[in-house]
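The exercises below concern one protein chain. Work through each task with the sequence and the model open, then compare with the solution.

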Amino acid sequence: MNMERHATSYQSQGLVRALRILRTLGTTDRAMGLADLSLALELPKSTLVRLLAVLEEQEFVYRTGNPPKYTVGHAVLEISETYRRQADTAEVAAPHLRELAAITGLTANIGVLEGRWVLHVCVEEPDRPLRFRSSAGSLDHTYCTGLGKLLLSRIPADRVDDHLPAEPLPSFTPHTLTTRADLETEFDRIRERGYSLDDQERDLGVICLAVPVPSDTDVNVAVSVSGPAGELSPERREQLLPVLQRVAEDLAANGRFLPSLRANGGLQQRTEDAS
């Protein structure tokens, strides 16, 4: 029994070490030699040679050069691609949005740019008789919605027109911004304060507050809450903003959210200096 436990422990140790090798190779953008791996993992080269041989045989690592250097192999990439395809963005995001809808009593949305439209990736309603036009998979205009204006403010100025109809922009309410100049002023305001506000620009009686989901990659995605204008006074919006920003940060911290969004193709590149 003791010998069996010892054998199991030894095999587990080998598995842990092999996984550490893959993790190390997967977090660097360059091939690594035995000396680099030995230093990074604090393992003898002889141990690494045995483990790498098994990983190479199973195509989890790829060896090249003399002396040899190693990179992540096809098997790892295939597994990661399968994981991304299976990770449905709406499923991943839904718990975060349900929490947001429950806390605020408002409709919670996640949106990305889709050509001249905002694509509602995920929508969660509060537990009350409150329903708006948006639903998961639906499209809405960019220039007159909280999500759309937030997303437009984060892309280069010379690409904004790709996501707008021709001027004059169609007006839906007396509050709709209908010129490119007005939008540019609005984008400056959004970048300065860090959030976007649709104050009855798309629908009379409806206000939307949106913030970006933070990311240090090319992901451009925003989260919002929408509700009756009578419930969203300036004071109420000020109270909601930290809650909305916390949920956006939680989404960014969810290891499945941004990869699943990228895998589903729901992205338009953004830039930090969109001004």
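**Exercise 1.** Which residues does Ala-108 touch, not counting residues up to four places away in sequence?

*Solution.* In this predicted model, the contacts of Ala-108 are Leu-97, Leu-100, Ala-101, Cys-122, Val-123, Glu-124 and Ser-224. Next, place the residue: Ala-108 belongs to strand β4, residues 107-114. Then classify Ala-108 by accessibility. The cut-off for buried is under 20% relative accessible area. Ala-108 has 0% relative accessibility and therefore counts as buried. Finally, look at a position remote in sequence: Ala-210 is 102 residues from Ala-108 along the chain, and their C-alpha atoms are 9.7 Å apart.

**Exercise 2.** Determine how strand β8 is paired on either side, and whether its residues are mostly covered or not.

*Solution.* Begin with burial. Strand β8 spans residues 206-212, and six of its seven residues are buried. One of its neighbours is β7, residues 196-199, which runs antiparallel to β8 and is joined to it by four bridges. Within this pair, Ala-210 of β8 lies opposite Ser-196. The connection is a hairpin with six residues between β7 and β8, and Gln-200 in the turn has a positive phi of about 65 degrees. Another neighbour is β9, residues 222-228, which pairs with β8 over seven bridges, again in the antiparallel sense. Here Pro-212 faces Ala-222 of β9.

**Exercise 3.** Where on helix α3 do its buried residues lie, seen down the axis?

*Solution.* First take the dimensions. Helix α3 covers residues 45-57, 13 residues in total, and extends 18 Å from its first C-alpha to its last, close to the 18 Å expected at 1.5 Å a residue. Next list the buried positions of α3: Thr-47, Leu-48, Leu-51, Leu-52 and Leu-55. Viewed down the axis of α3, these buried residues fall within an arc of 120 degrees, so they line one face of the helix. On the face turned away from the buried side, α3 carries the exposed residues Arg-50 and Glu-57. Just after the helix, Glu-59 adopts a positive phi of about 65 degrees.

**Exercise 4.** What is the strand order of the open sheet of three strands?

*Solution.* The order is β1-β3-β2, with antiparallel pairing. The edge strands are β1 (32-33) and β2 (61-64), each of which pairs on one side only. Now check one of the pairs: β1 and β3 (residues 69-72) run antiparallel and are joined by two bridges. In this pair, Gly-33 has Lys-69 of β3 as its bridge partner.

**Exercise 5.** How many disulfides does the structure hold, and are Cys-122 and Cys-208 buried or exposed?

*Solution.* The count of disulfides is zero. With the cut-off for buried at under 20%, take the two cysteines in turn. Cys-122 is at 3% relative accessibility and so counts as buried. Cys-208 has a relative accessible area of 7% and is therefore buried.

**Exercise 6.** Summarise the chain as a whole: its helices and strands, burial, contacts and exposed area.

*Solution.* The chain has nine helices and nine strands. Of its 275 residues, 43% are buried. Among contacts with a separation of 6 or more, 60% are between residues 24 or more positions apart. The exposed area of the chain is about 14600 Å², of which carbon and sulfur atoms supply 51%.

Definitions and conventions
Residues are numbered from 1 along each chain as its sequence is written. This is a predicted model: local features need pLDDT of at least 70, side-chain atom pairs count only at pLDDT 80 or more; totals for chains, interfaces and linings use all residues. Side-chain values use heavy atoms; hydrogens and water are left out. Buried means under 20% relative accessible area, exposed over 50%, partly exposed in between (1.4 Å probe, protein chains only). Two strands pair if DSSP finds at least two bridges between them. The expected span of a helix is 1.5 Å times one less than its number of residues. The arc is that of the directions from the helix axis to the C-beta atoms. A disulfide is a pair of cysteine sulfur atoms within 2.5 Å. Contact means heavy atoms within 4.5 Å. Accessible areas come from the Shrake-Rupley method with a 1.4 Å probe; for residues, only the protein chains shown count as cover.
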